[in-house]
Amino acid sequence: MKTLVVFIVTLVSVYLKYIPKLLKIQQGLLKIENITKRCKIQKGNKKDIGALKMKILPLDTSSFRKIRLENKLYVDKTKWIYHLITERNCYFLSRPRRFGKSLTINTLKELFRGNKELFEGLWIYDKWDFEPHPVIIFDFNEIEHDTPENLKRALFVKLKKVAREHKVKIFEEDILKEVFISLIFELYQKYKKPVVILVDEYDKPIIDHLGAGEERFEIAKKNRDILKSFFGVLKGADVVDILKFVFVTGVSAFTKVSIFSEWNNLIEITANPKYADFLGYTEEEIEEYFGDYLDSFCKRNGFKTREECM
């Protein structure tokens, strides 16, 4: 019995002496095992590692600045933008949603604000002077329009916000169009440069209420009348002379007839063949800008060449 006790005590003392070393060895083996697993995964998925080197697709943003600063994939459309801004100064373009309209508006904003560094490496970089101009943007994805009252209120708020940002004083009146005119003139007076107006999804306050019953249809008509009066400011003789560029986008063109019916200098390029490649991607652009993604897709699906795959 005494011999057994001595044996157990000796065994415990030896175990306690060497357990830290045993734990370290075990941890080392686990690390080796994990490294080995990672190596095997990497060895068997070289194409996935290559995919990590691809430029990230900007699926979560329409901010030109963010795309460029974060080096995300950007399909260069600045050649068409250059033609727009050098040939005429008032345009209307209709395209479906998710077609690049908001990104185009955002690109124009950065261009007219003179942020040349964001355009380095793009077609327009050495062809435009990037002289800064005051810019007003109306994004109707963000402007409340569930009722005519809220639409008017939201437009007032927008105008006042722009005035605060530029530190200019505008008329404190209840007439929406007069406040808009005041803002344009004050910006022109402050910067001594003509003003840029960018409008994204101009028809959203109307089409969001269509097909939802008679009450909503009445809201659509009232919203249309508000917008007609509001944007009618831009065709005024005094205002036209101090506008540098106006670009309006929408999902559909049918409301253009009523809202912009008297705006004679607004050029619609929706179906103009010259601008067919302006938004969306051509096959050549897909192969040029998305080549790595195409190759990765083709390999995953067992094709030896891109030609076989496509």
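A pocket is an open set of grid points with protein on both sides within 12 Å along at least five of seven lines. The exercises below apply this and related criteria to a predicted model.

**Exercise 1. The largest pocket**

Task: State the volume of the largest pocket, and determine which residues and elements line the largest pocket.

Solution.
1. The volume of the largest pocket is about 1,200 Å³.
2. Its lining comprises 45 residues, and those nearest the centre are Thr61, Ser62, Lys101, Ser102 and Leu103.
3. At least two lining residues come from each of helix 5 (101–112), strand 2 (135–139) and helix 6 (148–166).
4. Helix 5 makes the greatest contribution, with 8 residues.
5. Sorted by class, the lining of the largest pocket contains 21 nonpolar, 10 polar and 14 charged residues.

**Exercise 2. Classifying two aromatic pairs**

Task: Classify the ring pair of phenylalanine 64 and tyrosine 74, then the pair of phenylalanine 180 and phenylalanine 230.

Solution.
1. A pair of aromatic rings is described by the distance of the centres and the angle of the planes.
2. The structure contains 17 aromatic pairs.
3. In the pair of phenylalanine 64 and tyrosine 74, the centres are 5.2 Å apart and the planes make an angle of 75 degrees. Planes over 60 degrees apart count as edge-to-face, and the pair is accordingly edge-to-face.
4. Phenylalanine 64 belongs to helix 3 (residues 64–69), while tyrosine 74 lies in the loop between helix 3 and helix 4 (78–87); the two are 10 residues apart. Both phenylalanine 64 and tyrosine 74 are buried.
5. For phenylalanine 180 and phenylalanine 230, the ring centres are 4.4 Å apart and the planes are at 10 degrees, so this pair is stacked.
6. Phenylalanine 180 is part of helix 7 (residues 176–191) and phenylalanine 230 is part of helix 9 (residues 214–231); the pair therefore ties together parts that are 50 residues apart in sequence. Phenylalanine 180 and phenylalanine 230 are both buried.

**Exercise 3. An aromatic cluster and charges over rings**

Task: Identify the members of one aromatic cluster, and find the tryptophan rings over which the charged ends of lysine 77 and lysine 127 sit.

Solution.
1. One aromatic cluster is formed by Tyr91, Phe112, Trp128, Phe245 and Phe247.
2. The charged end of lysine 77 sits over the ring of tryptophan 80, at 5.4 Å from the ring centre.
3. For lysine 127, the charged end sits over the ring of tryptophan 123, at 4.4 Å from the ring centre.

**Exercise 4. The largest nonpolar core**

Task: Describe the largest nonpolar core by its residues and by the elements that supply them.

Solution.
1. In soluble globular proteins, nonpolar side chains tend to be buried together.
2. The largest nonpolar core has 42 residues, and Ile136, Phe138, Phe180, Ile184 and Ile197 have the most contacts inside it.
3. Two or more residues of this core come from each of strand 1 (90–94), strand 2, helix 6, helix 7, strand 3 (195–200), helix 9 and strand 4 (243–250).
4. Helix 6 supplies the most, with 7 residues.

**Exercise 5. Positive phi in two loops**

Task: Locate phenylalanine 130 and lysine 192, and decide whether each is buried or exposed.

Solution.
1. Most residues other than glycine have a negative phi.
2. Phenylalanine 130 has a positive phi, near 55 degrees, and lies in the loop between helix 5 and strand 2.
3. Its relative accessible area is 4%, so phenylalanine 130 is buried.
4. Lysine 192, in the loop between helix 7 and strand 3, also has a positive phi, of about 55 degrees.
5. Its relative accessible area is 58%, so lysine 192 is exposed.

**Exercise 6. Sequence separation and C-alpha distance**

Task: Give the location, accessibility class and one C-alpha distance for leucine 84, leucine 159 and glutamate 287.

Solution.
1. Leucine 84 is in helix 4 and counts as buried because its relative accessibility is 0%. Its C-alpha atom is 9.4 Å from that of phenylalanine 245, 161 residues apart along the chain.
2. Leucine 159 is in helix 6 and likewise counts as buried, at 0% relative accessibility. A distance of 9.4 Å separates the C-alpha atoms of leucine 159 and phenylalanine 138, which are 21 residues apart along the chain.
3. Glutamate 287 is in helix 12 (residues 283–289); at 33% relative accessibility, glutamate 287 counts as partly exposed. The C-alpha atoms of glutamate 287 and arginine 306, 19 residues apart along the chain, are 9.5 Å apart.

Technical notes:
Residues are numbered from 1 along each chain as its sequence is written. This is a predicted model: local features need pLDDT of at least 70, side-chain atom pairs count only at pLDDT 80 or more; totals for chains, interfaces and linings use all residues. Side-chain values use heavy atoms; hydrogens and water are left out. On a 1 Å grid over the protein atoms alone, a cavity is a set of points where a 1.4 Å probe fits but cannot get out, and a pocket is an open set with protein on both sides within 12 Å along at least five of seven lines; lining residues have an atom within 4 Å of a point. Grid points are joined across faces, edges and corners, and a volume is the space filled by probe spheres set on the points. Helices (H or I, at least four residues) and strands (E, at least two) are DSSP runs, numbered from the N terminus. Ala, Val, Leu, Ile, Met, Phe, Trp, Tyr, Cys and Pro count as nonpolar, Asp, Glu, Lys and Arg as charged, and the others, Gly among them, as polar. Rings of Phe, Tyr and Trp (its six-membered ring) pair if their centres lie within 6.5 Å; planes under 30 degrees apart count as stacked, over 60 as edge-to-face and the rest as tilted. Buried means under 20% relative accessible area, exposed over 50%, partly exposed in between (1.4 Å probe, protein chains only). A charge sits over a ring if NZ of Lys or CZ of Arg is within 6 Å of the ring centre and within 35 degrees of the ring normal. A nonpolar core is a set of buried Ala, Val, Leu, Ile, Met, Phe, Trp, Tyr and Cys residues joined through side-chain atoms within 4.5 Å.
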